[in-house]
Amino acid sequence: MKELLGQLGEKTSRPVRSGLAEEIKQDISNYLPQHKRSRDTINIIIDFRINKLAAAVAIIVTLFLCANLFDINHSGDNSIFEEGGYLINYCLQSFGIGGVSSEQLAGLAQYERLVGQGFDVVYYGNHIDWSDSSAILMQWKVGDDEYKVLFSDLREKKVSGEELIELQAQMLRKK
Amino acid sequence: MEKKRDSLVARLKAGNRGAAAELVDLYYEQIYLLMLRLGHRHHESEDLTQESFIQAWQHIGQLRNSEALKSWIYRIAVNVSKQYWKKHKEQRAAGLEDIEQLGCDGLGRDEVEFSEQLVLLRDAVSGLPVKFRSAIILHYMQHLTIAEAAETEGVMVGTFKSRLSRALKKLRKEL
């Protein structure tokens, strides 16, 4: 039986078309770009679609993470956040989302950073007049009777509790 | 021989075109005949052989044991064939009878008897359930060792042996 099966195998074979091997080789070549080139590399193709606003938020969060990761000391110098703000604003404008100032973005960025550091931050950014440079953008406590205030022009100032009340009162009076 | 095979697999994994061509040269005839014996027609067999090599090329990273290269390429081919039959359920398998006409014209008496035996055997193999038929084809017609054929089918050696033995029993009964 086994011998017969072997014979049947021979009888059921037929010559292969001569061009087939070359066609297969050619076809494989076309797939080369999709093939990973070595065991140490991988191909990652991501088709990730999000809306423009979500993209802007993602950029802001990424900036934050970078700032926190490299432990950028922000006290007194707002340059990185200002520049970040300009960059984000530029991006937003190129996406067609205008109307967000670099100060607002930088302020938001700093707020997120402070909250991330565990500070109890009070944010007034949604209610203040951004053209008023003395408007308090946010405040947070740094010690006994010691507060830090960030103004809408991104100036930072250390004040006592009494001074803080006075600054808030000024803001209310202007409203 | 082993070194050559290991080198071939390493070069395939590195995305070497020459190695891909070598792989095709080594196995394309066997895979084409396997497709014919699995019941595909000539043109289908060519297409499916091509498809098998493309899939092998695309998934070469999954081949962990270079010793299993032969059974690996066979396994891909068998799966390609199975996928084809799933997609074309309505199509009848060509069967071994369409592969080669086992004619008796111009033969002596013994040869005629032998040829008739082959015809009966051919019909019996074609009528076997897919698993048994596949086992017979892989081991007796494609000349894979028991271990290679078992690996191709994705079963233990013992399971394959039992499958083969049951297939032979069925054939003997038919004849």
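## Working through the two-chain model

R11(B) and E22(B) form a salt bridge, with their closest N and O atoms 3.0 Å apart (salt bridge: a side-chain nitrogen of Lys or Arg within 4 Å of a carboxyl oxygen of Asp or Glu). Before we dig in, note that this is a predicted model, where local features need pLDDT of at least 70 and side-chain atom pairs count only at pLDDT 80 or more, while totals for chains, interfaces and linings use all residues. Residues are numbered from 1 along each chain as its sequence is written, chains are lettered from A and ligands numbered from 1 in the order in which they are written, and side-chain values use heavy atoms, leaving out hydrogens and water.

**Exercise 1.** Work out which parts of chain B the pair R11(B) and E22(B) ties together.

Solution. Start with the helices: R11(B) sits in α1 of chain B and E22(B) in α2 of chain B, so the bridge ties parts that are 11 residues apart in sequence. Helices here are DSSP runs of H or I, at least four residues, and strands are runs of E, at least two, numbered from the N terminus. Next, check exposure: R11(B) is partly exposed at 27% relative accessibility, and E22(B) is partly exposed too, at 28%. (Buried means under 20% relative accessible area, exposed over 50%, partly exposed in between, with a 1.4 Å probe and protein chains only.)

**Exercise 2.** Describe the fold of chain B from its secondary structure and burial.

Solution. Count elements first: chain B has 8 helices and 0 strands. Then look at burial, where 47% of its 175 residues are buried. Finally, take the contacts (heavy atoms within 4.5 Å): of those in chain B between residues at least 6 apart in sequence, 63% join residues at least 24 apart.

**Exercise 3.** Characterise the interface between chain B and chain A.

Solution. Begin with the residues in contact: 42 come from chain B and 32 from chain A. The buried area is about 3600 Å², and carbon and sulfur atoms give 71% of that. (Buried area is the accessible area, 1.4 Å probe, that two parts lose on being put together, summed over both.) On the chain B side, Q50(B), W57(B) and Y140(B) lose the most area to chain A, together 15% of what that side buries.

Now the bridges: the rule finds 2 salt bridges across this interface. K25(A) pairs with D25(B) in a salt bridge, the closest N and O atoms being 2.9 Å apart. As for helices, α2(B) gives the most to the side of chain B that touches chain A, with 11 residues.

**Exercise 4.** Find the partner that K25(A) has within its own chain, and place the pair in a helix.

Solution. The partner is E22(A), in a salt bridge whose closest N and O atoms are 3.2 Å apart. E22(A) and K25(A) are 3 residues apart in helix α2 (residues 20-30) of chain A, so about one helical turn separates them. Their exposure comes next: K25(A) is buried at 17% relative accessibility, whereas E22(A) is partly exposed at 49%.

**Exercise 5.** Say where R37(B) sits, whether buried or exposed, and what its side chain approaches.

Solution. First, R37(B) belongs to helix α2 of chain B. At 3% relative accessibility, R37(B) is buried. A polar atom of the R37(B) side chain lies 3.2 Å from the backbone oxygen of M141(B).

How values were computed. Polar contact = N/O pair within 3.5 Å; in protein donor to acceptor, adjacent residues only side chain to side chain.
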